[in-house]
Structures are given as C-alpha cells and as structure tokens.
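Me: I want to go through this model and ask for the grounds behind each label. Keep the answers short.

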Amino acid sequence: MKGFADRISTVEEYYFSAKLREVNQLIADGKPIINLGIGSPDLAPDRKVTEALKNTADNQQSHGYQTYIGIPELRASIAHYYAESYGVRLNPAKEILPMMGSKEAIMHLSMTFLNPGDQVLIPDPGYPTYASVTKLVGAEAIYYSLDLAKKGRPNLEELENSDLSKVKIMWINYPHMPTGAPGSREILTELVAFAKKHDIVLLHDNPYSHILTKEPISILSIPGANEVAMELNSLSKTFNMPGWRVGMLLGRADWISEVLKVKSNMDSGMFLGIQKGAIAALNLGESWFSDLEHVYQSRRKLVWKLADKLNLSYSTTDSGLFVWCKVPEGKTADQLVDELLYDKNIFITPGKIFGSQGEGYVRFSLCMPEFKILEAINRIKI
Ligand SMILES: Cc1ncc(COP(=O)(O)O)c(C=O)c1O
C-alpha cells in the first residue's frame with residue numbers, strides 16, 4: 001500500500017465519534033451517564049411524520065432510486081416553510097436543493113467553491129465541520145472571533161484590515177453554535193455588505209433559527225443577500241429528526257446548479273419515505289414551534305440551575321439548543337468535564353473542541369428530559 005491521501009493528515013476523527021466510544025463504554029460498564037454533551041434532540045418527530053414514512057415504506061412503488069433534486073412536493077414544502085417562517089419567497093424549481101443532512105452539505109459546498117490554497121473565514125468558536133472540510137479540500141481556514149456582548153457580531157473592522165484577497169467563502173451561523181449568540185438583522189446586513197465589498201460567498205448555516213429565538217431569521221430576507229449569500233437549513237433540530245438526514249440549500253439558482261454537479265455524482269437521491277416524512281414536518285405549522293419553545297425553555301431553566309451549582313457564568317439571552325458557560329478561575333474546563341464525567345456520571349462538552357476561543361468554556365445540551373437534568377442537579381453537592 002502506497003500510503004493514505006495527504007488530506008487525511010489535515011483532520012482528526014470527529015470529537016464525538018471518539019468521545020462517544022468512551023462514554024458508551026462507561027454506559028456498558030453500568031455507569032448511569034446523563035448525556036448533556038451532544039445536540040441530538042431526544043424527542044420524537046410528530047406522529048404525522050412517522051406515519052408518512054411508514055405509509056410510504058409499505059408501498060411497493062416507493063423503493064426505487066429518487067431524483068437528485070428531491071420530489072417537487074418536497075421542494076414546494078420547503079418553499080412554503082421559507083415563506084411562512086422567514087418571509088422569504090423562493091423558486092422551488094431553481095432556488096431550493098434538498099440535501100441529505102446539512103453537515104454533508106458543507107462538504108458539497110466546499111467542493112463546489114474551493115480550490116487548494118483558497119481561504120475560508122470560519123467562526124472561532126464554531127461548528128468544527130467548517131474547518132475540517134475546508135482542510136479536506138486543501139483550502140485554508142482563517143478564524144474570526146465573535147463579540148458575545150454584541151449578539152455574536154464578528155469584528156469586521158479587524159477583518160477589513162487583513163488581506164482578504166484569497167478569501168472565497170465566509171461561514172456564518174446564527175443563532176450561533178456553541179455560544180448561543182443570537183445574531184440580528186443588523187449584523188446580517190453588515191455581513192452582506194462586507195461580502196459584497198470583498199467578493200466573498202457568504203454561507204449562512206441556520207439550523208437553530210426555531211430554537212429559543214424571538215424571531216427566526218434567514219439571511220435571504222436581508223436586502224441584496226441573494227446576490228452573495230446562500231443558506232443551509234436542516235430538519236434535525238427544528239423537527240426532532242437528526243437521524244433522518246434531511247437538510248436543504250437555498251439561494252442563487254446558478255450556484256445551486258453548480259452544487260448539483262457535485263451532489264449528483266455523490267448520492268442517488270433520498271429515500272421517498274424520508275421525503276414524505278420531511279414534507280409532513282415542514283407543514284406542521286406554528287403550534288409545533290410553540291410546543292418546542294415550551295420544552296426547551298423549561299429545560300434551559302434547569303440547566304441554568306445546574307450551572308449555578310457548578311459556579312459557572314452564562315448569558316440568559318442566548319438562543320439555540322445549548323447553554324454556553326464560562327468556567328471560573330482556578331479550574332480548567334478539561335478538569336470540570338472529567339470531574340463531571342468520572343465522578344458524577346454527567347457528560348458535557350469542553351468548549352475547546354469548537355476552537356481556541358472556546359478554551360475555558362463548556363457546553364451543555366438541552367437534549368435531555370427535565371427529570372434527567374434534575375437528577376444531574378441532585379448529583380452535585382455544594
Ligand atoms: C451549527 C451546525 N451546523 C450544522 C449541523 C449539522 O446538522 P445536520 O447535519 O444534522 O443537518 C449542526 C449539528 O449539530 C450544527 O450544530
């Protein structure tokens with residue numbers, strides 16, 4: 001064997017891929033682990049969603065290859081969802097591409113836009129996949145920080161003073177994971193102007209817009225954004241369907257058709273039952289979102305209590321599926337994570353896995369029922 005591809009040396013196995021092996025071993029050893037680490041919604045999708053999947057699976061005609069662009073009814077439902085949720089009108093034939101997961105779509109987009117040596121602006125802290133996929137395609141990750149006191153605004157003044165000539169893509173993500181910084185229309189408006197000025201493709205990753213937000217915002221609702229920006233969205237968190245792998249790419253028709261050149265060579269369409277379930281989810285309407293809001297609000301209050309007991313500081317105005325906490329002086333985040341895991345059987349995520357600016361922070365997920373979070377609180381003795 002003449003060796004592995006050079007690109008393999010640019011990345012490591014995904015943190016959760018490795019860490020969950022360790023956590024699962026502890027569970028196999030009988031430890032009563034409470035998993036506040038990963039953001040995989042524990043609640044079920046709506047019954048209409050699972051019924052649609054079952055009914056389709058029972059139909060003999062459902063099992064063939066599907067089109068690369070999803071059935072028209074799915075694209076129409078995405079268009080309806082975008083109009084209702086964000087006030088954005090999209091052409092379902094040209095400006096919508098269903099994707100098999102938004103994580104996977106980060107690779108599709110990177111393969112479509114990036115050459116080796118191109119630079120990509122990536123939030124630090126941020127979703128680790130932006131940087132790892134950038135490296136896998138031979139491009140260079142350039143990190144930018146977010147001002148948490150200003151709803152997660154990037155320091156655009158600092159970026160303006162750097163050499164942006166090789167920057168092709170900027171990843172943004174509001175509500176921001178892991179910090180929960182909500183972003184705002186003003187920030188997105190500034191970012192659109194910045195991208196236009198420097199001829200940068202602005203890619204907004206938007207999976208948390210319905211989780212503990214005042215108003216869901218799409219970048220495509222910002223005037224002029226459709227010239228420079230595209231958006232990724234996902235059913236994983238919004239509709240409790242992370243295992244289904246349904247995402248979507250929205251925006252410029254001419255860019256979508258380039259992405260399709262990559263995608264149609266990588267997959268052979270999404271199982272019809274999954275598409276039918278996704279259609280049912282996208283048409284659930286307002287009450288689904290208010291129910292979700294209630295669940296996560298109550299859970300978040302309990303996680304704040306847990307954080308108080310651990311003497312951690314956090315913001316009470318953030319959005320999304322996590323609580324981002326600063327560890328007090330005198331203890332490192334790693335120490336806290338290990339103490340909780342090995343002494344209290346509570347798994348949380350160290351902030352450093354999201355980038356250097358995540359050092360000294362930890363992330364709690366809200367994907368656990370209230371009784372489990374209460375149990376976690378009870379395991380901490382003051
Ligand atoms: C910021 C962000 N983007 C994208 C994803 C991927 O979501 P999915 O691939 O399930 O759509 C996640 C998942 O945790 C995330 O936190």
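Me: At what angle do helix α11 and helix α13 pack, and how far apart are their axes?

Reply: This is a predicted model. In it, α11 (residues 286-309) and α13 (residues 370-379) pack at an angle of about 10°. Their axes are 9 Å apart.

Me: Why is α11 called roughly parallel to α13?

Reply: The cut-off for roughly parallel is an angle under 35 degrees. The angle here is about 10°. Therefore α11 counts as roughly parallel to α13.

Me: Which residues make that contact?

Reply: From α11 come Ser-298, Arg-299, Leu-302, Val-303, Lys-305, Leu-306 and Lys-309. From α13 come Glu-370, Ile-373, Leu-374, Ala-376, Ile-377 and Asn-378. By class, the contact of α11 with α13 has 7 nonpolar, 2 polar and 4 charged residues.

Me: What makes α4 roughly perpendicular to α9?

Reply: Helix α9 spans residues 253-263, and α4 packs against it at an angle of about 105°. The axes are 9 Å apart. Angles of 65 to 115 degrees count as roughly perpendicular. The value falls in that range, so α4 is roughly perpendicular to α9.

Me: What residues form the contact of α4 with α9, and how do they divide by class?

Reply: On α4 they are His-108, Leu-109, Met-111, Thr-112 and Phe-113. On α9 they are Trp-255, Glu-258, Val-259, Val-262 and Lys-263. The classes are 6 nonpolar, 2 polar and 2 charged.

Me: Now the ligand. Which helix gives the most to the shell around the ligand?

Reply: Helix α4 (residues 102-113) does, with 3 residues. The shell has 15 residues. The closest are Ser-102, Asp-205, Tyr-208, Ser-236 and Arg-245. By class, the shell holds 5 nonpolar, 5 polar and 5 charged residues.

Me: How do you know that Ser-102 makes a polar contact with the ligand?

Reply: The cut-off is a pair of N or O atoms within 3.5 Å. A polar side-chain atom of Ser-102 lies 2.6 Å from an oxygen atom of the ligand. So the pair counts as a polar contact. Tyr-208 also places a polar side-chain atom 2.6 Å from a ligand oxygen. For Ser-236, the distance from a polar side-chain atom to an oxygen atom of the ligand is 2.6 Å.

Me: How much of the ligand does the protein bury?

Reply: Taken alone, the ligand exposes 400 Å². The protein buries 91% of that.

Me: What is noted about phi of Arg-245, and where does Arg-245 lie?

Reply: Phi of Arg-245 is near 60°. That is a positive value in a residue other than glycine. Arg-245 lies in the loop between β9 (229-234) and β10 (247-251).

Me: Which peptide bonds into Pro-125 and Pro-175 are described, and with what omega?

Reply: The bond from Asp-124 to Pro-125 is cis, with omega near 5°. Pro-125 sits in the loop between β3 (119-123) and α5 (128-136). Tyr-174 and Pro-175 are joined by a cis peptide bond with omega about -10°. The loop between β7 (167-172) and α7 (185-198) holds Pro-175.

Definitions and conventions:
Residues are numbered from 1 along each chain as its sequence is written. This is a predicted model: local features need pLDDT of at least 70, side-chain atom pairs count only at pLDDT 80 or more; totals for chains, interfaces and linings use all residues. Side-chain values use heavy atoms; hydrogens and water are left out. A residue is near a molecule or strand if one of its heavy atoms lies within 4 Å of it. A polar contact is a pair of N or O atoms within 3.5 Å; within protein, one must be able to donate a hydrogen and the other to accept it, and residues adjacent in sequence count only if both atoms are side-chain atoms. Accessible areas come from the Shrake-Rupley method with a 1.4 Å probe; for residues, only the protein chains shown count as cover. Helices (H or I, at least four residues) and strands (E, at least two) are DSSP runs, numbered from the N terminus. Ala, Val, Leu, Ile, Met, Phe, Trp, Tyr, Cys and Pro count as nonpolar, Asp, Glu, Lys and Arg as charged, and the others, Gly among them, as polar. Axes are lines fitted to C-alpha atoms, for helices over the stretch in contact, and angles run from 0 to 180 degrees between N-to-C directions. Angles under 35 degrees count as roughly parallel, over 145 as roughly antiparallel, 65 to 115 as roughly perpendicular and the rest as oblique. Contact means heavy atoms within 4.5 Å.
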